[in-house]
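Q: Please take a close look at one helix end here and at the loop that follows. After that, carry on to other unusual backbone spots and to a helix pair.

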Amino acid sequence: MSVLPPEIHSALGSLLQGLQSPDNNVRAHAEEQLNNEWIVARADVLLMGLVEHIQGAPEAGPRSFAAVLFRRIATKTRKVPGSEESKDLFITLQPPHKEAIRQRLLECLQNEGLPHVRHKIGDAVAEIARQYSDEEQSWGELLHALFVASQSQDPGQRESAFRIFATTPAIIEKQHEDSVVPAFTKGFKDSDILVRIAALEAFSSFFSSLQKKSQKKYYPLVPELLEVLPPLKNAGDAEGLTKAFIALIELAEEAPVMFKPWFSTLVQFSITVIQDKELGDTVRQNALELMGTFADYSPAMCKRDSSFTVDMVIQCLSLMTDVGFEDDDASDWNNTDDLEAEESDMNHVAGEQCMDRLANKLGGAAILPPTFKFLPEMMNSNSWRDRHAALMAISAISEGCRELMETELDKVLGLVVPALRYPHPRVRWAGCNALGQMSTDFAGTMQKNYHQVVLSNIIPVLDSPEPRIQSHAAAALVNFCEEAEKATLEPYLDQLLGHLMRLLQSPKRYVQEQALSTIATIADSAETAFGNYYDTLMPLLFNVLREEQSKEYRLLRSKAMECATLIALAVGKQRMGHNAIELVQILGSIQEKITDADDPQSSYLLHCWGRMCRVMGPDFVPYLAGVMPPLLELASAKADIQLLDDEEQIQNVQQEEGWDLVPLKGKVIGIKTSTLEDKHMAIELIVIYAQQLEAAFAPYVLEIMEKVSLPGLAFFFHDPVRIASAKSVPMLLNAYKSANGDRSPAMVRLWESTIEKVLEVLTAEPAIDTLAEMYQCFYESVEVLGKNCLTPAHMNAFVASAQSALEDYQTRVKKRAEDQQEIEDGEDESDETAFAIEDDQTLLSDMNKAFHTIFKNQETSFLPAWSKLLPFYDSFVASNDSTQRQWAICILDDVLEFCGDQSWSYQHHIQRPLVDGMRDPIPANRQAACYGVGMAAQKGGAAWATFCSESLQVLFAACSLPNAREDDHVFATENACASIAKILQSPHSRVSNVQEVIPHWINTLPVVNDEEAAPFAYMYLAKLIDENNPAVLAAADKAFVAIALALEAETLQGQSAQRAVAAAKRVMQARGVGANQLLSTLSPETQQTLRPFFA
């Protein structure tokens, strides 16, 4: 029975007809009517009317449309009556209205007989459930109704129940978690296949919504869950099997270990699906994706399975041969100009991508033996597809198998290089691809040992008759040349550039474009050696840039701009002469003629201006007036964000390039990422201008800081924008300081507004890696302003932000420790966890530098604010985590270094960490502690003298460790040596037996790695020599060799080196021995380096 009067239904029926009209004008009028007369004025009546329309309309089409419209209207955002808070429309209705509407909606779901209409109603129910869940409110009748439906005799009702569970798993509250097990078990065994699939999808969604600790209780459901698969395959139900695999992929991402007892069975089943061509490519690729997901998330489990790796390699290689069957001679492939043709859904691409994942996750020891069991045979096959697959496999696995493959490059190149001469073009293309990839993945070894092999074999391929091969060979050269040294490239420049210049005459525009990119890369690497070709190439490029060309040649001209400016950067301002001015004038002329928003020349130009600024330096300043307006426009761009209400809007946005779609609370947010990427690039270029031009860039600083950089610090739509903004701030401050002085009123005003915003984002930044960049922005900015630039309020704000960051860090560490307990024996730490730990270490490092910078510039005035963090230091120095110990000790070192005798006030927080730190098995921590003791002796005053003298024994022990001179430990050893010297020469020294200690100290020399420690050690040694100290004279040979080795290692330079040389000469005179006699005991190379010092 309707609760709304007939006239309402009549008006609503007319509205729905109008909204579905094929006439654009009628439909637009109906949309306006819907918004103004219904949504704004009487949303509750509208939603109830739609529900009654679903319930009462005789035709399926209107019922389905009403359900879709109901969901769309219910999710619209509006302000809560009497509040400024915005929420989803349905949840803002009065309670009686909500109750009546949701009751009717459930009746619609229960009574609808047509599956496609019931699915639309189910989507509407799920949306309302989502709103209740988000508001942490309960819709008790729904859960009961769904459990009843899941037990219904009607399979359609059972399917609908699971579909709603899948969409909104949060409706299953904690107290009901146990009761869902029987429901899922029954669903997996349902007589109807659609119900079984829906139950599997619902379980995947529900399981993923659980906390890790709650997931284990559902592991026993896996056998029943897996039983859903075989009937689907036996029935040839590719669509159903695809849905099942997608659900399993989600489960494998969440908890791969839950499949452990049944993993081998699942692997074998998936392999049979990948092999079954009758099932179609989509489901085969989803089976492959499931196996790849297990490799990603549980490589140890995959490696333990006896057949996983071999079977997967075979299937990947087999899929990779599924290429070009309708174009055997590759004539269509070669004749197309669309090199970016979409191939991501093709079998050969799926196989390549999976091989790449397997190599990266399982490693070379697992992947190389089965792969190279087949590759030689495939490379000798009469089928070009086998050879193509083998070469693409080499490209795919080289990164993940780098360590092992690098030792076998002779053999690998023996397979690849002959392919460059094979008759079939796609094999030659794959050979170029493999060489290019190997040039990146094995860059050092390829450059050192195989440059002749690579270049002498790939340069002739540039003369291939097929344009696509020419282009790909040139692209492979980019990979090789961008890693090459000038000396490596120089002998080949004639050949390279001769061939590439011929490609500039190609009738194919994409070949010309690639040739220009390759020439630009060669110029960048060859640097000044490219000057010999300047007179030949630059006029050609100038001609291209001057020509009036049609729209399709814009990218070619963009590449020419890029090439010309990279050549300019390579050869330098002096070699360019008047051409530098000529080039910027040409670039300016091109910029003036750009009118279309999608013209690629715009973004290329911005980078070209940046390069010319680096080339011309101060001479570029007159051109800033033309360069800056478009740059500032891009840098100031706002985020282009759209709330997409319906499927049509979503589809329209998906068809446009440069958009990301983000699901959010039942809606979809569209973010135009191309705008954000341009904004990021523009800010990076601003950094270059500020860095290169300094004071000359000052006129732009205030506007950029106000409109771009400071707002950009809180631009939460795009991490790279925030990072680039953070890098720009200190550069802009420095430019303004260079022009105005560090204490001018203008500089002070800019600093006040800047430091306030920077301190604000230290608390607001949500991303750990970006927060590290914000701390770097802070300390680099403080360095620019220098001494006493921070007020007590600034320092207190900084400490508050640091306290918040450290608390969050401790929470993350605790969470990782808990998660670690859940990992089974043999399972690897996930990449996500490894990256998170790395991000935290970077954050602590940048926070450390920030504390160091404040202490350096504020000294004791920072102590009152800093002391609020002492509980963290006390906790960190006692931690089992070496990173935490190091972080705390380094900052305690800063207190000793910059706060003088006031540091003694914190002795109870400092002494024990330093003593324990000097014994720490982690060399970085030992180094920090040894350094700290030296600082206490050098700058801590008389109060620290006893502690320092008592630390000598521990410092000597640090120098005497068996591995003290190994690479990882030598810096700790050398810092201990320098700190002993600081203690012995301290005016407050309490060491009573200095003469007995000095011989032992001489044995801790040399210092040949640490450039900061060396001067302290050697200036003390020189002082002892000047004083004719008997202990030094008795060890004169050791003293001389120690000085000689430091000179060779260049840890002594300038005045320190001169004084050390003079001391060495004196000690030799005292011994009556010539320098040559002692030098002869050293290696010939060392002698040659040192003779000029002692001539």
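**A helix end, then further afield**

A: Right after helix H54 comes Glu-1050, with a positive phi near 65°. (Helices are DSSP runs of H or I with at least four residues, strands are runs of E with at least two, and both are numbered from the N terminus.) A bit of housekeeping: this is a predicted model, where local features need pLDDT of at least 70 and side-chain atom pairs count only at pLDDT 80 or more, while totals for chains, interfaces and linings use all residues. Residues are numbered from 1 along each chain as its sequence is written, and side-chain values use heavy atoms, leaving out hydrogens and water.

Back to the helix itself. H54 covers residues 1036-1049, and at 1.5 Å a residue its 14 residues should span 20 Å, which agrees with end C-alpha atoms 20 Å apart; the expected span is 1.5 Å times one less than the number of residues. Ala-1036, Ala-1039, Phe-1040, Ala-1042, Ile-1043, Ala-1044, Ala-1046 and Leu-1047 of H54 are buried, meaning under 20% relative accessible area, with exposed over 50% and partly exposed in between (1.4 Å probe, protein chains only). Glu-1050 sits in the loop between H54 and helix H55 (1054-1071), and counts as partly exposed because its relative accessibility is 47%.

Most residues other than glycine have a negative phi, and most peptide bonds are trans. Asn-788 is another non-glycine with a positive phi, near 55°. Asn-788 lies in the loop between helix H41 (768-785) and helix H42 (792-822), and its 55% relative accessibility makes Asn-788 exposed. Then there's a cis peptide bond from Leu-1005 to Pro-1006, with omega near 10°. Pro-1006 belongs to the loop between helix H51 (994-1002) and helix H52 (1013-1026).

Now for the helix pair. The axes of H17 (residues 308-320) and H19 (residues 347-362) come within 7 Å and cross at roughly 150°, so H17 is roughly antiparallel to H19. Axes are lines fitted to C-alpha atoms, for helices over the stretch in contact, with angles from 0 to 180 degrees between N-to-C directions; under 35 degrees is roughly parallel, over 145 roughly antiparallel, 65 to 115 roughly perpendicular, and the rest oblique. Among the residues in contact (heavy atoms within 4.5 Å) are Phe-308, Met-312 and Leu-319 of H17, and His-348, Glu-352 and Leu-358 of H19.
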